[in-house]
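Welcome, and please open the model in your viewer. We will walk from one selection to the next and look at what sits there.

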Amino acid sequence: MCEANSATQPYRHPGQVFLSQHGALKCEDDVFRYVEFLRSESGLGDAPPIDLSCIYQCFGIPTPLRAPLDEQQGILVDSRTGIILIKENDPLVRQRFTEGHELMELLFDAHDQVRVGGLFPSWSGDRKERLCDQGAADLLMPESSFVPLLLDLGITLAAGRNLATIYQTSLLATLVRMMQHGKGNYALVMWHCALKPREVRGLSKLVPQPEKKLRVWWRTQTKDWTGGFIPKDKSIPHDSPISYAYVTGQPYSGKETIHLGWGLINCWVEAMPIQVGEKYCVLSLLHLC
């Protein structure tokens, strides 16, 4: 279908075209209808990997330019011409996700242009960034093709690597998508070496300085998770295999009992060291026993 759009098209702002047909954004479901709109207008199906160039050709969007960005992965430079910059030294799979994110930014740009007073909701800040990320994931890993493959492969780090290869997405984005749509008692936890927030606040008063520990940075889980709340900043003992993965730089898998502050959970753990930007972390997949 993409070949039909192979000729150079005049630029059409995809967000404006969508709003002209569907009206202003009133709820989050409208945001995800925009993803389906991009796919259908461009003649894209759900078979991976999703070819974003079809969307660019359909709407006359210039191919995003690679640039030496420092603080951001991508920038929507000019929505009037569709110029987008992508961080040139990011991995290609990360660049693809950023492209998807910036395509979502075009929707919110168009919405801001048509908002009148407080008639329609304002989409900004963390909420908008979250929706742009979710929209990018939905665009690159369509639920209709992703879920059947996920059910076939199951939820493991190896399955995540397999799906990431199929969809040409990062392992991290793929695993988060697996948590959103997977079945079973699973949690995905990212650990980093840090102080407790209260230790950071009182740092100048403490002598000697407290020791940094491996702590929960962020976490997400399947809808079926019954392991209870996983507190942010909760530390893991030095003798934990998750800590072992951090210290040795080697992956680990096996049974482990984890104390979450309120109680113990017994789970099968897959842990692997991972670099997130400039931060060295451990990513763990927990399967409740």
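In which sense do strand S6 and strand S7 pair, and over how many bridges? Select residues 252-259 for S6 and 264-276 for S7: the two strands pair in the antiparallel sense over eight bridges. Strands here are DSSP runs of type E with at least two residues, helices are runs of H or I with at least four, and both are numbered from the N terminus. Two strands pair if DSSP finds at least two bridges between them.

Before moving on, note that this is a predicted model, where local features need pLDDT of at least 70, side-chain atom pairs count only at pLDDT 80 or more, and totals for chains, interfaces and linings use all residues. Residues are numbered from 1 along each chain as its sequence is written, and side-chain values use heavy atoms, with hydrogens and water left out.

**The strands**

Stay with S6 and S7 and click on Glu-256, which stands opposite Cys-267 in S7. The hairpin of these strands has four residues between them, and Gly-261 there takes a positive phi near 95 degrees.

Next, add S8, residues 279-288. S7 and S8 run antiparallel and are joined by ten bridges; Ile-274 has Cys-281 in S8 as its bridge partner. In this hairpin two residues lie between the strands, and Gly-277 takes a positive phi near 65 degrees.

Now show S4, residues 186-194, which pairs with S8 in the antiparallel sense over seven bridges. Val-189 has Ser-284 in S8 as its bridge partner. S8 is largely enclosed by the rest of the structure, because seven of its ten residues are buried (under 20% relative accessible area with a 1.4 Å probe, protein chains only).

**Helix H5**

Select residues 125-140 to see H5. The 16 residues of H5 should span 22 Å at 1.5 Å a residue, and its end C-alpha atoms are 23 Å apart, which agrees; the expected span is 1.5 Å times one less than the number of residues. Among the buried residues of H5 are Lys-128, Leu-131, Cys-132 and Gly-135. To see what covers the buried residues, show H2 (28-41), H3 (53-59) and H6 (143-153), which are included in that cover.

**The pockets**

Finally, turn to the open spaces. On a 1 Å grid over the protein atoms alone, a pocket is an open set of points where a 1.4 Å probe fits, with protein on both sides within 12 Å along at least five of seven lines; lining residues have an atom within 4 Å of a point.

The largest pocket is lined by 32 residues, and Arg-94, Leu-172, Ala-173, Trp-218 and Val-276 lie nearest its centre. H4, H5, H8, S5 and S7 each give two or more residues to this lining. Select H8 (171-181), which supplies the largest share, seven residues.

For the second largest pocket, select its lining residues, including Gln-72, Arg-94, His-101 and Asp-133. H4 and H5 each supply at least two residues of this lining, and the largest share, six residues, comes from H4. Keep Arg-94 selected as you end the tour: this residue lies among those nearest the centre of the largest pocket and also lines the second largest.

Terms used
Buried means under 20% relative accessible area, exposed over 50%, partly exposed in between (1.4 Å probe, protein chains only). Contact means heavy atoms within 4.5 Å.
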